[in-house]
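Student: Got a minute to go through this model with me? I'd like to start with the strands and then look for empty space.

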Amino acid sequence: MSPNKNTSPVAFIIFCRPEYTKKVFAEIWAWWPQQPFVVANGLRTPTGVTLSKEYGHAFYEKIFRSQVTLIRQQIRRWIKSDTVHFERLKWYYRVFITYRNKVRRRLYGTVTIHTKTQRRGTVLLSYLTGPFSLLPWQRFTDPHTNYWECSEIARLFSMRGYEVDVIDASNTSFMPRKPYNVVVDVRQNLERWCTASANGTSPLQASCKKVMHITSSESGFQNAAEAARLADLKQRHGVIIPAQRVEAGLNNPAYADFLEGFGNKTVHATFARFNKPIRHIPISVTQTFEISEISSKNFAEARKHFLFFSGGGAILKGLDLVVEAFATMPDLHLHIVGPATYEKEFRSTYAQELTLPNISCYPRPRIDKAGDMVVGNTTFIAIANTCATLIYPSASEGTSGAVIQAMHAGVFPIVTKQTGLLEEAPAIILEKPTVDSICRQARAIEKTAPETLEKMARAAWNYVREHHTKEHFSFAYGQFIDDILRP
């Protein structure tokens, strides 16, 4: 490009010769006089500016950090307030649901547990309504595992999309009024409902899956076992005591599509006449203990102390045999925990033996506010730490929760097969318990080396930790539900 007559030299340099542009402006800037800017008050701006990191940091700390911290605090306060309000709403909702359950139980005999996910159907659970009628500030003090297990069964179904109606198994007047996908019963209602269904008065559909949850030996077997123990007591001492643990529902398993629950091969064999397989479910436990809580036990002294731990039904559980045995061994101590010794007829029959200095009686354990099992004015673990072994010659169980709880406390079991421990569990088995056989076994324990007893206690503790916890129950029952609901 060449300049024409209308193109100025400056424009030519800027637009046509850009390589000179920078040089030209630099020379002009150097030539132009640099005068400081004068403000009205006489102050002048500096000719240069140097950044100060120290000043900038101090300025930020003083001016901005407090604002950022304040904002964070306000956000935390808001989140905390929102969480508090949310928890409070949950608390009020629990109160509402509990009172609704109380009213429904009073009017209709049922409580309802709503599904946690998309609704797939309805389940009827014939077990216990108590766990679903507790207000937030209330709690169960009874240490029996069935309260938690009942609520866990309902929860497992609700997590799978099923609304659960719960009634008490002792409720013999309730009749289903709507179709159910699954019915779970623990005692006697299946027979009644299925019989009514055959007569056209019950809506139990043919597609309804009927389950019996086994918590004891077969009813006929248990009733006969208790009768035999009472007859033996009468023969030995001429004493007649009424039966305490009579079971109903003799033919209930015949109406179940599935049998599941506690017990070992000996217990499950009592259901042989129904010719149905039984799905094993491990019983849970009320309280677990760490090995450090039982490692300080003095086994040299503990081998002279024996534990008897059970619920009601003293004769069925064999407490009479144990008391008679220790009445002849004043140098060995028996600790009886549970309500069996407080049964009126039993206590009057063995009034003399129960006052012996080597026999101590404790009331039924309870759960305190901290969730610990306490017995009277002491803890269960304190009593267990004085004993090396448990003697429990019961004639009928599902799986004894008392035995499992004692094993969790590091007490080695001396039991009958009817207590329901699996065959591989570490235990000493009393084949035919008598007063003499119990005495011989107690003397054998007294002569056992403390180191051996400690290994036995650790083996018992390890076994129940690996097989009998709430987590094991929940996993096994969840698998069972998935199997019966699989198309």
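Tutor: Sure, terms first: two strands pair if DSSP finds at least two bridges between them. Helices (H or I, at least four residues) and strands (E, at least two) are DSSP runs, numbered from the N terminus. This is a predicted model, where local features need pLDDT of at least 70, side-chain atom pairs count only at pLDDT 80 or more, and totals for chains, interfaces and linings use all residues. Residues are numbered from 1 along each chain as its sequence is written, and side-chain values use heavy atoms, with hydrogens and water left out.

Student: OK, in what order do the 3 strands of the open sheet come?

Tutor: The order is β11-β12-β13, with antiparallel pairing. β11 (366-367) and β13 (378-379) are at the edges with a single partner strand each, so one side of each has no neighbour in the sheet.

Student: How many bridges hold β12 and β13 together?

Tutor: 2 bridges, with β12 covering residues 373-375. Val374 sits opposite Thr379 in β13.

Student: Switching to β9, is that strand mostly covered or open?

Tutor: Mostly covered: 5 of the 5 residues in β9 (333-337) are buried, meaning under 20% relative accessible area (exposed is over 50%, partly exposed in between; 1.4 Å probe, protein chains only). His333, His335 and Val337 are buried on one side, and Leu334 and Ile336 are buried on the other.

Student: And which way does β8 run relative to β9?

Tutor: Parallel, with 5 bridges joining β8 (residues 305-309) to β9. Phe306 has Leu334 as its bridge partner in β9. β9 also pairs with β10 (residues 359-362), in the parallel sense over 4 bridges, and His335 is partnered with Ser360 there. From β9 the chain passes through helix α11 (residues 344-349) to β10, a right-handed β-α-β crossover: with the strands pointing away from the viewer, the path from the first strand over the helix to the second runs clockwise.

Student: New topic: how many cavities of 30 Å³ or more are there?

Tutor: 1. A cavity is a set of points on a 1 Å grid over the protein atoms alone where a 1.4 Å probe fits but cannot get out, and lining residues have an atom within 4 Å of a point. The largest cavity holds about 60 Å³, the volume being the space filled by probe spheres set on the points.

Student: Which helix gives the largest share of its lining?

Tutor: Helix α15 (residues 450-467), with 3 residues. The lining includes Ile291, Phe299, Glu454 and Arg458.

Definitions and conventions
On a 1 Å grid over the protein atoms alone, a cavity is a set of points where a 1.4 Å probe fits but cannot get out, and a pocket is an open set with protein on both sides within 12 Å along at least five of seven lines; lining residues have an atom within 4 Å of a point.
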